[in-house]
Amino acid sequence: MANSLKQIPLTCSGHTRPVVHLDFSDITDCGYFLISACKDGKPMLRFGDTGDWVGTFEGHKGAVWGVALNSTASLAASGAADFTGKIWNAVTGEEVHSFQHNHIVKSVAFDRTSQYLVTGSNEKLVRIFDLNQPNAANPITLSGHAGNLKRAIFCRNDQCVISIAEDKTLRVWDKVSVQEVQRIEFPSTPNSLELSKDGTIFTVTHGQSVSFWDTNSLSKVKEISMPTLIASASLHPDKHTFVAGGEDFKMYKYDYLTGNEIESFKGHFGPVHAVGFSPDGELYASGSEDGTLRLWQTTVGKNYGLWKCTDPNEISLNNSVREVTAN
């Protein structure tokens, strides 16, 4: 049943090309933060609850395809079409390391300790870099995919890496033995991969489906068919709902337990490429072909951040629709 209150998303402008990926930090002493990847080559950092611009990481010479924040928002990572994966000081904005690849870097992710960075590239390889030894000549390399990498993340207490690629497979790799230990084949290319807040479920989008898998056993928990081709999905930290977006410009919210649609909202003016819940679950972010990020309330009408409920049947955004720009 749709919520009777109108959803008023925060619109975060500043990018000049499509926004293709995003990532939240955990909750820190300064709140939580949001980083966005864009084809304009300039990843941006924002306060996660308001969308206010913090800074732009400048140094890439091509489209940025993947971004990550470590849990404390002290480090950021980005992967780009200039064949590099970069580590940034997220406080000063300075580049800390640049890891050269032989093709476009599509995915970057930190482990929980911020000691390791995993990258996925169009070399069809997954690489693991030790940030305590950034100048080491030979990073750990995981080879076996027959297509370009889409996403790679750590899992199972950082002992393994999960990756998805254009060869229509998901693979689990043991970090110590450097071997593939499990594989799932999909009928279409998987587009997004997310590990749940508690690490027990990973979410995969493929075609018009969102599927959920047990992290340890790799057994399918459930699969839900969607009204459109889906590019990205995110499971709420409490695992009661999930959100998804794709080709039809809409943001969908579904009941994870029943598989029923709760509500959908149209706000973007282009396909949605990336979605993700904030660490407290109070909002979710979306990045689109239209070059914007939007922040949406999980519970429409709740007083949170810039959203103020002034009347039982009306919600305002600090008395007006507010667009957050990057100066």
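Me: In what order do the 4 strands of the open sheet stand, and in which sense do they pair?
Reply: In this predicted model, 4 strands come together in an open sheet whose pairing is antiparallel. Neighbouring strands in this sheet are turned against each other by 20 degrees on average, with direction ignored. Read across the sheet, the order of the strands is 2-3-4-5, and the sense is antiparallel.

Me: Which strands stand at the edges of this sheet?
Reply: A strand at the edge has a single partner strand, so one of its sides is left without a neighbour in the sheet. That description fits the strand made of residues 19–24 and the strand made of residues 53–56. The edge strands are therefore strand 2 and strand 5.

Me: Which residue in strand 3 does F24 stand opposite?
Reply: Strand 2 pairs with strand 3, which covers residues 33–38, in the antiparallel sense and over 5 bridges. F24 belongs to strand 2, since that strand runs over 19–24. Across from F24, in strand 3, stands L34.

Me: Is T28 buried or exposed?
Reply: T28 has its place in the loop between strand 2 and strand 3, and its side chain reaches the backbone nitrogen of C30 at 3.0 Å. Setting aside residues up to four places away in sequence, T28 touches F33, S71, T72 and A73. Its relative accessibility is 18%, and because the cut-off for this class is under 20%, T28 counts as buried.

Me: How many of the 6 residues of strand 15 are buried?
Reply: In a regular strand the side chains alternate between the two faces of the sheet. In strand 15, C160, I162 and I164 point one way while V161, S163 and A165 point the other way, and all are buried. Strand 15, residues 160–165, is therefore largely enclosed by the rest of the structure, the number of buried residues being 6 of the 6.

Me: Which residue in the turn between strand 14 and strand 15 has a positive phi?
Reply: Strand 14, which spans residues 149–155, pairs with strand 15 in the antiparallel sense over 6 bridges. The two strands form a hairpin with 4 residues between them. With a positive phi of about 50 degrees, the residue in this turn is R156.

Me: Which residue in strand 16 does V161 stand opposite?
Reply: Strand 15 also pairs with strand 16, residues 169–174, in the antiparallel sense, here over 5 bridges. These two strands form a hairpin with 3 residues between them, and K168 in the turn has a positive phi of about 70 degrees. Opposite V161, in strand 16, stands W173.

Me: What is the relative accessibility of A152?
Reply: A152 lies in strand 14 and stands opposite S163 in strand 15. Not counting residues up to four places away in sequence, A152 touches S107, A109, V118, V126, V161, I162 and S163. A152 counts as buried, because its relative accessibility is 0%.

Me: How many residues does the largest nonpolar core have?
Reply: Strand 11, strand 12, strand 14, strand 15, strand 16 and strand 19 each supply at least two residues of this core. I162 is one of the residues with the most contacts inside it, and, leaving aside neighbours within four places in sequence, I162 is in contact with residues including L170, L193 and F202. Apart from this core lies another, of 16 residues, among them Y32, A285, L306 and V324. The count for the largest nonpolar core is 26 residues.

How values were computed
Residues are numbered from 1 along each chain as its sequence is written. This is a predicted model: local features need pLDDT of at least 70, side-chain atom pairs count only at pLDDT 80 or more; totals for chains, interfaces and linings use all residues. Side-chain values use heavy atoms; hydrogens and water are left out. Two strands pair if DSSP finds at least two bridges between them. Axes are lines fitted to C-alpha atoms, for helices over the stretch in contact, and angles run from 0 to 180 degrees between N-to-C directions. Buried means under 20% relative accessible area, exposed over 50%, partly exposed in between (1.4 Å probe, protein chains only). A polar contact is a pair of N or O atoms within 3.5 Å; within protein, one must be able to donate a hydrogen and the other to accept it, and residues adjacent in sequence count only if both atoms are side-chain atoms. Contact means heavy atoms within 4.5 Å. A nonpolar core is a set of buried Ala, Val, Leu, Ile, Met, Phe, Trp, Tyr and Cys residues joined through side-chain atoms within 4.5 Å.
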